[in-house]
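The following paragraphs explain a protein structure step by step. They begin with empty space inside the protein and then turn to sheets and helices.

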Amino acid sequence: MYAIETKRLTKRYKSKIAVDGLDLTANEGELFALLGVNGAGKTTTLRMLCCLSKPTSGECFVCGKNCAKEPAAVKKIVDISPQDTSVADNLTVIENLRLICGICGYSYEKTKEKTEEMIRIFNLNEVRNTRSKTLSGGWKRKLSIAMSLISEPKVLFLDEPTLGLDVLARRDLWGVVESLKGKITIVLTTHYMEEAERLADRIAIMIDGHIAAIGTLSELERLSGKSGLEESFVKIAENHGKKAAK
Amino acid sequence: MNKIIAFSKRNFLEIIREPLSYIFCLGFPLIMLAVMTLVNDSIPPEADMTIFRTDNLAGGIAVFGLMFVMLFTALTVAKDRSGAFLIRLYTTTMKSGDFLAGYMIPMVLLAVIQCVITFIASYIVSLVTSVSMNPLEMLSAVAALIPSMILMVSFGMLFGTIFNEKSSPGLCSIIISLGSFLGGIWFDAEAAGGVLTDICNALPFYHAVKAARLACVGAYTGEFFSHIAITSVWAAGIAVISVTAFKSKMKADLN
């Protein structure tokens, strides 16, 4: 069984097709990157997989559960760290973590255990009593990911987790994501080539709602005849554009 | 239930940690209480104008303060909807009822606290101005204001659901201005007569103020209960509309 599976997944907004007949799979424990320029359909795909949006046609499954037909079951096994900061501004770091524990219905003991675990994993101790609105972008992203792990998801969606971060904060966050590899399935959207290159087991290149190419970095390099993800991405995008023009 | 408690706690903390909420929800009404008490002192006794006497003013100021709870409810909901915070919560197993209860319970609690503080301040002012006020009757006025609290919180929910973070405060300001005027807080709506009194009677604010004023002086008459009934019907109606709007917006957000 795949952790993620989409079958002819399509999302249409009036005249615009955001995702067009998407077929992809991600294995359990895999870190799968969806790479693409703005408007490629990455976030829309994630939204459908998280039950935040219903497909216009096609189907998507998380651990075998249909996102459109069994949203309650899917919501129990997924979590997301959205693109924008999604923390409660006037709550401290630890209060934000406790909030999610409360929503998960954890006992006092489990809440204490989970919050301390997240503080340790994400090195949040020095800011544990700091209100979120005063945190830097890097700390907020770390907190956001920590909050998404509280529910012990089988599949974690990270929507452009390092967008707008400086190089140090980005590398710090990469370290955190790398530490999660293999433990849970992670679907990461990004338009930073180096991020996908460093973190992902497999990469799907999305262009105009389509999967233009999918595979490991070496497979994409072989397919494009170019070296490095950036060059491969450009070549694949150009070829896709030519095909679309025909 | 855990979900509602956790979300309610978050919403309660979000508001009490917002300095502006103290300025608007407490500071402004209390300043108006002090200013109008001074105005009352300047009114000659032969004018026979008691609208700004502390026992009359207290109920009106309490309703005036509740309108700011409406503003902060609208701001909280609109801000959550415009950001990614609700998106995160939408991916959890929280249902629309959990969100609604999680917003409404802490706001009504804040409204109760605000009313209690307003009446304590009014009682202190009444001691200074030698106006007789009974603390137990003031406590009953807090109870009499419960339908008004639900009404204002529901208005806030509705505006926060329909409008965004920028437009909802503007709309709430219009309601605050109109509500405090047409509620007869700053003038004698009954004495005005004509169309103005008809408009005041047609809206809930006047009835909310009258119910609080009558409770403050222990006048639990038929008139008191009719004002309570009218305010309650309005509160129930606006609550149903706001719940429907929130559920439908949530459904649209998840489509």
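A cavity is understood here as a set of grid points where a 1.4 Å probe fits but cannot get out. Rolling a probe the size of a water molecule over the atoms shows where empty space is left. The model under discussion is predicted. When the whole structure is searched, one cavity of 30 Å³ or more is found. The largest cavity holds about 30 Å³ of space. Its lining consists of Pro82(A), Asp84(A), Thr85(A), Ser86(A), Lys140(A), Arg141(A) and Ser144(A). Sorted by class, the residues lining the largest cavity are one nonpolar, three polar and three charged.

The account now turns to the sheets of chain A. Strands of a sheet pair through backbone hydrogen bonds, either parallel or antiparallel. One open sheet of chain A contains six strands in the order β6-β7-β8-β3-β9-β10, and its pairing is mixed. Strands β6 (78-81) and β10 (210-215) of chain A occupy the edges; each has a single partner strand, so one side of each is left without a neighbour in the sheet. On average, neighbouring strands of this sheet are turned by 20° against each other, with direction ignored.

At one edge of this sheet, β6(A) runs parallel to β7 (residues 155-159) of chain A, and four bridges join the two strands. Within this pairing, Ile80(A) has Phe157(A) in β7(A) as its bridge partner. Helix α1 (residues 42-49) of chain A packs on the sheet, where it touches β3 (31-35), β7, β8 (185-190) and β9 (202-207) of chain A. The direction of α1(A) makes about 150° with that of β7(A). Another helix, α5 (residues 137-149) of chain A, lies across β6 and β7 of chain A and runs at about 170° to β6(A).

A further open sheet of chain A has four strands in the order β2-β1-β4-β5, with antiparallel pairing. Here the edges are formed by β2 (16-26) and β5 (65-66) of chain A; each has a single partner strand, so one side of each is left without a neighbour in the sheet. Helix α1(A), already met on the six-stranded sheet, also lies across β1, β2 and β4 of chain A, running at about 115° to β1(A).

Within the four-stranded sheet, β1 (residues 4-13) and β4 (residues 57-62) of chain A pair in the antiparallel sense over five bridges. Lys7(A) has Glu59(A) in β4(A) as its bridge partner, while Glu5(A) stands opposite Phe61(A) in β4(A). Strand β4(A) also pairs with β5(A), in the antiparallel sense and over two bridges. In this pairing, the bridge partner of Val62(A) is Lys65(A) in β5(A). The hairpin of β4(A) and β5(A) has two residues between the strands, and Cys63(A) takes a positive phi near 50° there.

Chain B offers a helix to follow. Helix α5 (residues 96-128) of chain B has 33 residues and reaches 48 Å from its first C-alpha to its last. That span is close to the 48 Å expected at 1.5 Å a residue. Ser130(B) follows α5(B) and has a positive phi, near 60°.

Technical notes: Residues are numbered from 1 along each chain as its sequence is written. Chains are lettered from A and ligands numbered from 1 in the order in which they are written. This is a predicted model: local features need pLDDT of at least 70, side-chain atom pairs count only at pLDDT 80 or more; totals for chains, interfaces and linings use all residues. Side-chain values use heavy atoms; hydrogens and water are left out. Two strands pair if DSSP finds at least two bridges between them. Axes are lines fitted to C-alpha atoms, for helices over the stretch in contact, and angles run from 0 to 180 degrees between N-to-C directions. Contact means heavy atoms within 4.5 Å. On a 1 Å grid over the protein atoms alone, a cavity is a set of points where a 1.4 Å probe fits but cannot get out, and a pocket is an open set with protein on both sides within 12 Å along at least five of seven lines; lining residues have an atom within 4 Å of a point. Grid points are joined across faces, edges and corners, and a volume is the space filled by probe spheres set on the points. Ala, Val, Leu, Ile, Met, Phe, Trp, Tyr, Cys and Pro count as nonpolar, Asp, Glu, Lys and Arg as charged, and the others, Gly among them, as polar. The expected span of a helix is 1.5 Å times one less than its number of residues.
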